[in-house]
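This report describes the fold, the cores and a few single residues of one protein chain. Please keep the structure open while reading.

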Amino acid sequence: MTPDWFAVVDATWPAAGRETRGNLLLREGRGGGKRVSAASALGPVSGNEIDAAEAAMRARGEQPLFQLRPGDEALDAELARRGYDVIDPVNIYSIAAERLTDIPIPRVTVFTLWEPLAIMRELWAQGGIGPGRLAVMDRVTGPKTGLLMRHQDKPGGVAFVAIHDGIAMLHALEIPPHQRRQGLGQWAMRGAAFWAMDNGANTLSVVCTKANEGANALYRSLGMEIVGEYHYRLLEEKETT
């Protein structure tokens, strides 16, 4: 059976609130980013349902934002007609976790722990991952962990991993500029794979914007394969004077 990758995303990076209106699922993000703020389709969507979703998002002080998945072509076309712009096309990658456990991780390179240490919060903050996204991590109810990487006895990066339905998904990988090109991204993924298998997950996955060339190259180099794609459409609200 093909995994429901979007269910994995929703469970391992959950919105603060969810509301179904007709064939649209509305999410309340509270500063947690597009994944937890965008509306998505549950079936064919009418113009009236789009209007209602737009009104609800505006009432929260948010710009209308939709996530478009395979099969949403009619909704995608209608949003384009309404002036929505495509933003942040995304790849979903996956690999059997055991394939990333073939190499032992060097000592004191990757630590798994939850709650996050202060240095982990600082590293995330430096990469723009602030309180809203940390709150997303706190909301995860299933198995989860933070990853802290070290290089040359200094903090080298952070990430978050959670499990849903036997699939581990890594989020919020952040490696500070001065620690990049040291292989820490690879060790983060391998650390996540070991943790996943220790906690009952046989698959490791990650989502990545198509524009992030470095991260896409990393995942491909590890043998991860694209198993899904999506993009967003955002309606830029024009200020009136």
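The text below goes from the whole chain to its cores and then to single residues.

**Overall fold**

The model is predicted. Seven helices and eleven strands make up the secondary structure of the chain. The radius of gyration is 19 Å, close to the 18 Å that the globule rule gives for 241 residues, so the chain is as compact as a globular protein of that length. The C-alpha trace spans about 55 × 45 × 30 Å along its principal axes.

Of the 241 residues, 48% are buried. Among contacts between residues at least 6 apart in sequence, 69% join residues at least 24 apart. The accessible surface comes to about 11,800 Å², and carbon and sulfur atoms hold 49% of that area. There are 26 positive and 29 negative side chains, and the centres of the two sets are 4 Å apart.

**Nonpolar cores**

The largest nonpolar core has 30 residues. Leu147, Leu170, Met189, Leu204, Tyr219 and Met224 have the most contacts inside this core. Two or more residues each come from β5 (85-96), β7, β8, β9, α6 (184-198), β10 (203-209) and α7 (213-221). Helix α6 gives the most, with eight residues. Leaving out residues up to four places away in sequence, Met224 touches Tyr93, Ser94, Ile95, Met189, Leu204, Ser205, Val206 and Tyr219.

A second, separate core has 16 residues, including Trp13, Met120, Val136 and Val158. Val136 is also one of the buried residues of helix α5 (residues 131-139), together with Gly132, Leu134 and Met137. These buried residues of α5 pack against α4 (118-126), β7 (144-151), β8 (154-164) and β9 (167-174).

**Two buried strand residues**

Gly146 belongs to strand β7. Its relative accessible area is 0%, and therefore Gly146 is buried. Apart from neighbours within four places in sequence, Gly146 is in contact with Phe111, Thr112, Leu113, Trp114, Met120 and Ala159. The C-alpha atom of Gly146 is 7.4 Å from that of Glu115, although 31 residues separate the two along the chain.

Glu174 is found in strand β9. Is this acidic residue buried or exposed? Glu174 counts as buried because its relative accessibility is 14%, and the cut-off for buried is under 20%. Not counting residues up to four places away in sequence, Glu174 touches Leu123, Trp124, Gly127, Ile129, Gly157, Val158 and Arg180.

**Backbone exceptions**

Most residues other than glycine have a negative phi, and most peptide bonds are trans. The peptide bond from Trp114 to Glu115 is cis, with omega near 20 degrees. Glu115 sits in the loop between β6 (110-113) and α4. Two residues with positive phi, neither of them glycine, are set out here.

| Residue | Phi | Place | Relative accessibility |
|---|---|---|---|
| Arg30 | about 50 degrees | loop between β2 (24-28) and β3 (40-41) | 57% |
| Asp153 | near 60 degrees | loop between β7 and β8 | 64% |

Arg30 counts as exposed because its relative accessibility is 57%, and the cut-off for exposed is over 50%. Asp153, at 64%, likewise counts as exposed.

How values were computed. Residues numbered from 1 in each chain as written. Predicted model: local features only at pLDDT ≥ 70, side-chain atom pairs only at ≥ 80, totals over all residues. Heavy atoms only, no water. Helix = DSSP H or I, 4+ residues; strand = E, 2+ residues; numbered from the N terminus. Rg over C-alpha atoms; globule rule 2.2 N^0.38 Å. Buried < 20%, exposed > 50% of the residue type's maximum accessible area, 1.4 Å probe, protein only. Contact = heavy atoms within 4.5 Å. Areas by Shrake-Rupley, 256 points an atom, 1.4 Å probe, with all protein chains shown as cover. Lys, Arg positive; Asp, Glu negative; His and termini not counted. Charge placed at Lys NZ, Arg CZ, Asp CG, Glu CD. Core = buried A, V, L, I, M, F, W, Y, C linked by side-chain atoms within 4.5 Å.
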